[in-house]
Amino acid sequence: MTTALYTHASSAEHDTGEGHPERIERIEAVNAALSGESWAALRRSDAPRATPDQLKRVHVGGYVDLVLDNIPEQGYARLDADTVLSPGTGEAALRAAGAIIAAVDDVVAGTADNAFCAVRPPGHHAEPQRGMGFCLFNNVAIGAMHARAVHGLKKIAIVDFDVHHGNGTQAMFEGDPDTLFASTHQFPHYPGTGAASETGVGNVFNSPLAANAGGAEFRAAMENSILPALRAFAPEFIFVSAGFDAHARDPLASLRFEEMDFEWATQMLLDIAGEHASGRLVSTLEGGYDLEALANSVQAHAGALVAG
């Protein structure tokens, strides 16, 4: 089993300012967690830049241009109170989107069985016309549209287990019956979307979890709703928005997952990818704000990918 790891040094140049939870130390913790001889099986590659045209497959062109044209030469700019631009943000955001595009190419070509994109800024809150919630461009949506536009794959599934609902991803695909979007997340919680009643055109499967829910509730939601929906949909490619802020140690929410829960979910998704998608699965980093929990959870997730 070959797992491709896409990273880039620019992820550590996206500076969100003092006290911001989506901070440079996150990617440093992830990179340290996946370093050393025990991770020699990972095939490491630098993420290329995405092009503006690739971003515009999912984002309104004016929004893409607005972001890229307003990267500050010094100091900070903001899309909203939470979403910060710094001099290094443009390169980091283009490489974060480029990572998932390159990972898709790798997996479709068969040069990797699956892939993990260890990048920032995250993406799943970014909507077609705006960024929010620390997110500028919706990396997982960009990857999904690349798989469709370049490789001709029709049936795409996106599974999001971040503690926050992937409102941006849902907004992009809720009218598309050929894309399944499934999410577990704390509810009610930021960004306010993700009720079970939000079903798109029958292609959206939200499994909201109450505050203090743990691994048992997560696994039940996956087994009772999301995994059966995935099997019935029979995707040609599975994407994972891998947020680790549902961990019990995370400061931004109140779910109680442990590392083994992320490992289990990854194994379940790999099984379905093997059944229906020739094993094709690409994961990209979303949230996770306690550095120790993030590092341990990434190890559990990547370990499952490597084991296949």
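**View 1. Q54 sits in helix α2, which covers residues 52-55.** This is a predicted model, so everything in these legends is read from a prediction. Q54 has a relative accessible area of 16%, and because anything under 20% counts as buried, this residue is put in the buried group. Look around it and you'll find R49, I101, I142 and H146, which Q54 touches once residues up to four places away in sequence are set aside. One of those partners, I101, turns up again in View 3 as part of a nonpolar core.

**View 2. A102 has its place in helix α4, residues 89-109.** With a relative accessible area of 11%, A102 is buried. If you skip the neighbours within four places in sequence, A102 is in contact with just two names to look for here: Y6 and P48. For a sense of distance, find A115 as well: A102 and A115 are 13 residues apart along the chain, and their C-alpha atoms are separated by 9.6 Å.

**View 3. The chain has a largest nonpolar core of 45 residues, and a second, separate one of 42 residues.** In the largest core, L34 and L230 are the residues with the most contacts inside it. Several elements each supply at least two of its residues: helices α1 (24-33), α7 (215-233), α8 (259-276) and α9 (291-307), along with strands β6 (156-160), β7 (179-186), β9 (237-242) and β10 (281-285). Helix α7 gives the most, with 8 residues. The second core includes Y6, L94, I101 and I156. You've met two of these already: Y6 is a contact of A102, and I101 is a contact of Q54.

**View 4. L34 is in contact with residues from many places in the sequence, among them L5, F116 and A302.** Leaving aside its neighbours within four places in sequence, L34 is also in contact with W39, L42, R44, V298 and Q299. Keep V298 in mind, as the next view is centred on that residue.

**View 5. V298 is found in helix α9.** How buried or exposed is V298? Its relative accessible area is 0%, so V298 is buried. Apart from neighbours within four places in sequence, V298 is in contact with V30, L34, F116 and F244. F116 is also among the contacts of L34. For contrast, try finding G200: V298 and G200 are 98 residues apart in sequence and 31 Å apart in space, C-alpha to C-alpha.

**View 6. I27 is found in helix α1.** I27 is buried, with a relative accessible area of 2%. Not counting residues up to four places away in sequence, I27 touches S11, A12, A118, V119, R120 and L285. Here's a nice pair to pick out: I27 and L294 are 267 residues apart along the chain, yet their C-alpha atoms are separated by 9.5 Å.

**View 7. Stepping back, the chain has 9 helices and 10 strands.** Its radius of gyration is 17 Å, close to the 19 Å that the globule rule gives for 308 residues, so the chain is as compact as a globular protein of that length. The C-alpha atoms fill a box of roughly 50 × 45 × 40 Å along the principal axes. Buried residues make up 57% of the 308. Of the contacts with a separation of 6 or more, 75% come from residues 24 or more positions apart. On the charge side, there are 19 positive and 39 negative side chains, and the centres of the two sets lie 4 Å apart.

Terms used. Residues numbered from 1 in each chain as written. Predicted model: local features only at pLDDT ≥ 70, side-chain atom pairs only at ≥ 80, totals over all residues. Heavy atoms only, no water. Core = buried A, V, L, I, M, F, W, Y, C linked by side-chain atoms within 4.5 Å. Buried < 20%, exposed > 50% of the residue type's maximum accessible area, 1.4 Å probe, protein only. Helix = DSSP H or I, 4+ residues; strand = E, 2+ residues; numbered from the N terminus. Contact = heavy atoms within 4.5 Å. Rg over C-alpha atoms; globule rule 2.2 N^0.38 Å. Lys, Arg positive; Asp, Glu negative; His and termini not counted. Charge placed at Lys NZ, Arg CZ, Asp CG, Glu CD.
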